[in-house]
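Reader: I would like to learn how to read a structure of this kind, feature by feature. Where do we begin?

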Amino acid sequence: MQLNKLRIPLFVIVSILFGLKTYIVYRFMFDLSIENALQEFILFFNPIASAYLVFAISVWLKPKNQMKYIRWTAFIGSVVLYINLVFYRNFTDFITIPVLFQGNNAADLTSSILTLIHVEDLLLILDVVVIWVLSKKKFDLSVSFSKSGKIAATAVTFLLLAGNVALAEMERPMLFVRAFDREYLVKNIGVYNYHVYDAMMQTKTKAQRVFADSSEISEIENYIQENADTDKKSELFGIAEDKNMIFVSIESFQNFLLDSKINGEETTPFLNDLKERQDTIWFKNFYHQTAQGKTSDSEFIVENSLYPLGRGAVYFTNAQNEYNALPEILNKHGYTSSVFHANNKSFWNRDVMYENVGYDKFYGEQSYNVTEENSFGWGLEDKAFFSQSIDELKQQEEPFYSKFITLTHHFPFEIPEEKASIDKYDSGSETLNNYFQTARYTDEALKQFFQQLKESGIYKDSIIVLMGDHYGISEFHNNAMGEFLNKEITPYEHIQLQRVPFMIHIPGYENGGIREEVVGQIDVKPTLLSLLGIEAENDLSFGVDMFVEGSKKFTALRDGSFITEKYVYTEGTCYDRETGEPLESENEACKPTKKQVEKELSYSDKIIYGDLFRFYDFTDEK
Ligand code: GP9
Ligand code: MN
């Protein structure tokens with residue numbers, strides 16, 4: 001037998017066969033988007049590397065056991081792959097451990113199982129049959145390496161693994177820390193390593209939860225009560241009672257875009273006009289407070305009035321926690337709630353988190369008609385997104401709370417020339433140069449959305465809240481930013497650049513205007529509840545109603561920086577908020593707040609890591 005003469009060890013043949021099979025399944029049976037040659041290469045490389053990782057373990061076993069190990073591993077590996085494929089066909093997502101225990105998912109799957117199994121799936125078993133045959137004694141493809149041979153075979157495992165991780169890190173920096181999207185993880189490290197990663201995340205989260213105890217929540221409750229002006233109600237309490245609330249999260253939108261001009265053209269004519277109107281209240285000192293979870297962090301803060309985590313995205317790490325989120329509270333008060341966002345439903349684990357926090361409906365990518373003509377950048381363009389959403393919005397039972405998340409104005413802010421209506425900026429940063437064109441596009445999309453809301457009759461019974469989710473221009477572009485703003489981007493300026501739009505538009509209202517208070521995303525939940533006339537007395541939140549005068553002591557960012565009425569504190573320095581001058585001698589001024597900020601951030605972390613809300617009764621009258 002030829003093979004026998006060559007004596008290629010079975011674990012090598014199997015790694016190639018099984019790896020290739022997995023690649024073919026990734027490439028042609030899953031619907032993974034491949035955007036460039038590097039991604040294509042990683043997709044090809046990672047299944048072979050992970051197959052080798054598992055099959056090379058066999059060199060440490062006795063020849064007879066090697067065959068058994070290889071056979072059964074190939075079989076089980078194929079089953080895992082196949083279950084993921086069937087699950088993916090139904091949910092466009094990969095299995096996570098918590099999802100396995102979600103009854104409704106399993107039920108969904110069994111009801112549609114026949115439509116999820118295809119004839120070509122038989123191909124998945126082909127390599128297993130070949131491997132099964134080759135593992136027979138007569139081919140004698142087992143190895144009995146010396147100790148150094150075994151070590152060498154194992155060393156190759158680590159080389160391949162390191163190569164895979166390095167390529168993945170190149171393709172998607174901080175992939176593991178940001179725990180981006182399951183699709184990204186699978187594309188970069190493969191479905192098997194992804195499961196290992198998922199299991200590790202799960203263990204860590206579970207351990208922190210296990211060691212938490214109920215006394216911790218009482219301490220936090222006391223802290224919140226001591227620091228809140230719970231009795232005070234704002235003048236605007238109930239102004240939007242029974243109205244629909246339309247919340248628009250505007251991608252990567254920073255305040256410096258407002259009133260900016262490129263070659264004499266306003267970047268955001270619609271928002272510029274809106275923020276000055278009497279039916280709009282604009283908080284010009286509103287800060288985003290997001291960390292690595294970006295958009296999902298902004299959603300988390302708004303929904304829960306808790307801080308995001310310093311590492312990773314809560315939407316991934318603690319999606320199964322007990323929360324008392326905005327949609328849940330609104331649902332209890334007769335609202336229907338929905339989210340419109342034309343991206344893959346599993347991005348940021350939204351499908352799981354949204355269900356947990358009580359959204360009734362999530363319109364993801366599949367609810368939209370996405371064509372080549374109506375999409376660029378990250379997907380469906382904002383104008384088409386709003387146009388296509390209107391019909392569904394009309395179907396919502398009133399009163400409703402609907403969140404829209406835009407997508408076009410996302411890094412790298414590229415737009416086809418014919419769709420851009422202003423010039424690019426001209427600086428050393430391509431990112432900043434592009435930033436204005438997509439911002440203008442989104443400004444136009446918002447204008448069109450307002451128009452469509454009016455035409456559909458929804459407008460008059462609604463209030464519309466616009467909020468920037470997080471920064472779009474990172475510190476990396478400080479030189480170009482400095483040029484644009486005509487000032488040096490000091491740490492103080494960097495903090496000031498974290499201001500994003502926050503506008504509350506109330507049709508028919510006449511007392512609007514510009515508000516100077518220093519506020520942040522953490523204050524959105526109590527503010528919106530108050531506008532809707534809902535008293536969530538037992539809610540535990542770190543935010544305040546923005547309209548209750550004097551209630552806000554500080555706005556803390558996730559890295560411990562903070563802004564008060566008088567000071568901006570960051571990187572160990574206290575600055576005068578008005579002048580931006582560092583207060584060397586007066587550094588003491590920031591100290592008490594610094595302590596409180598640290599305490600508050602750690603309390604928020606404790607709630608999340610310990611899943612402490614499971615010990616708290618939000619419904620009880622206290
Ligand atoms: C993806 C969109 C962008 O669905 O919300 O996410 P980001 O990269 O900004 O966090
Ligand atoms: Mn975003």
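Author: The model is predicted, and we will go through its ligands, a few side chains, one helix and some backbone details.

Reader: Which residues surround ligand 1?

Author: Start by listing the neighbours. Here they are Glu251, Lys294, Thr295, His341, Asn343, Phe347, Trp348, Arg350, Trp378, Leu407, His410 and His470. Sorted by class, this shell has four nonpolar, five polar and three charged residues.

Reader: Which side chains have polar atoms at short range from the oxygen atoms of ligand 1?

Author: Look at the distances between N or O atoms. The side chain of Asn343 has an N or O atom 2.7 Å from a ligand oxygen. For Trp348 the corresponding distance is 2.9 Å, and a polar side-chain atom of Glu251 also lies 2.9 Å from an oxygen of ligand 1. Ligand 1 taken alone exposes 300 Å², of which the protein buries 98%.

Reader: What coordinates the manganese ion, ligand 2?

Author: Read the donor atoms first, then the angles. Glu251 contributes two OE entries, and the other donors are Thr295 (OG1), Asp469 (OD) and His470 (NE2), at distances of 2.1 to 2.3 Å. Along the chain these donors follow the spacing E-x43-T-x173-D-H. Glu251 and His470 link distant parts of the chain, 219 residues apart: Glu251 sits in the loop between β1 (244–250) and β2 (261–262), and His470 in the loop between β10 (462–468) and α20 (478–485). Both of these residues are buried.

Reader: Why is the arrangement around the manganese ion irregular?

Author: The angles decide the matter. Six donor atoms surround the ion (ligand 2), and because the angles they subtend run from 56 to 169°, the arrangement is irregular.

Reader: Is Arg558 buried or exposed, and what does its side chain contact?

Author: Relative accessibility answers the former part, and polar distances the latter. Arg558 counts as buried because its relative accessibility is 14%, and the cut-off for buried is under 20%. Arg558 lies in the loop between β13 (555–556) and β14 (562–563). A polar atom of the Arg558 side chain is 2.7 Å from the backbone oxygen of Pro308, and the side chains of Arg558 and Asp605 share a polar contact of 2.8 Å.

Reader: Where is Asp617 found?

Author: Place the residue relative to the nearest named element. Asp617 is in the segment after α23 (591–609). With 33% relative accessibility, Asp617 counts as partly exposed. The side chains of Asp617 and Thr619 make a polar contact of 2.6 Å.

Reader: Why is helix α22 described as largely enclosed?

Author: Count the buried residues along the helix. In α22 (residues 524–531), eight of the eight residues are buried, so the helix is largely enclosed by the rest of the structure. Lys525 and Ser530 are among them. Just after α22, Gly533 takes a positive phi of about 75°.

Reader: Which residues have a positive phi although they are not glycines?

Author: Check the residue type alongside the angle. Ser252 has a phi of about 50°, and Ser305 one of about 55°. Ser252 is in the loop between β1 and β2 and is buried at 3% relative accessibility. Ser305 belongs to the loop between α14 (294–304) and α15 (314–317) and is buried at 0%.

Reader: Where are there cis peptide bonds?

Author: Read omega. A cis bond joins Glu398 and Pro399, with omega about -5°, and another runs from Phe411 to Pro412, with omega near 5°. Pro399 is in the loop between α18 (382–395) and β9 (400–405), whereas Pro412 is in the loop between β9 and α19 (430–456).

Key: Residues are numbered from 1 along each chain as its sequence is written. Chains are lettered from A and ligands numbered from 1 in the order in which they are written. This is a predicted model: local features need pLDDT of at least 70, side-chain atom pairs count only at pLDDT 80 or more; totals for chains, interfaces and linings use all residues. Side-chain values use heavy atoms; hydrogens and water are left out. A residue is near a molecule or strand if one of its heavy atoms lies within 4 Å of it. A polar contact is a pair of N or O atoms within 3.5 Å; within protein, one must be able to donate a hydrogen and the other to accept it, and residues adjacent in sequence count only if both atoms are side-chain atoms. Accessible areas come from the Shrake-Rupley method with a 1.4 Å probe; for residues, only the protein chains shown count as cover. Ala, Val, Leu, Ile, Met, Phe, Trp, Tyr, Cys and Pro count as nonpolar, Asp, Glu, Lys and Arg as charged, and the others, Gly among them, as polar. Donors are N, O and S atoms within 2.8 Å of the metal (3.2 Å for Na, K and Ca); water is not among the atoms, so sites may look incomplete. Four donors count as tetrahedral if all angles lie between 85 and 135 degrees; four count as square planar and six as octahedral if opposite donors are over 155 degrees apart and all others between 65 and 115; anything else is irregular. Helices (H or I, at least four residues) and strands (E, at least two) are DSSP runs, numbered from the N terminus. Buried means under 20% relative accessible area, exposed over 50%, partly exposed in between (1.4 Å probe, protein chains only).
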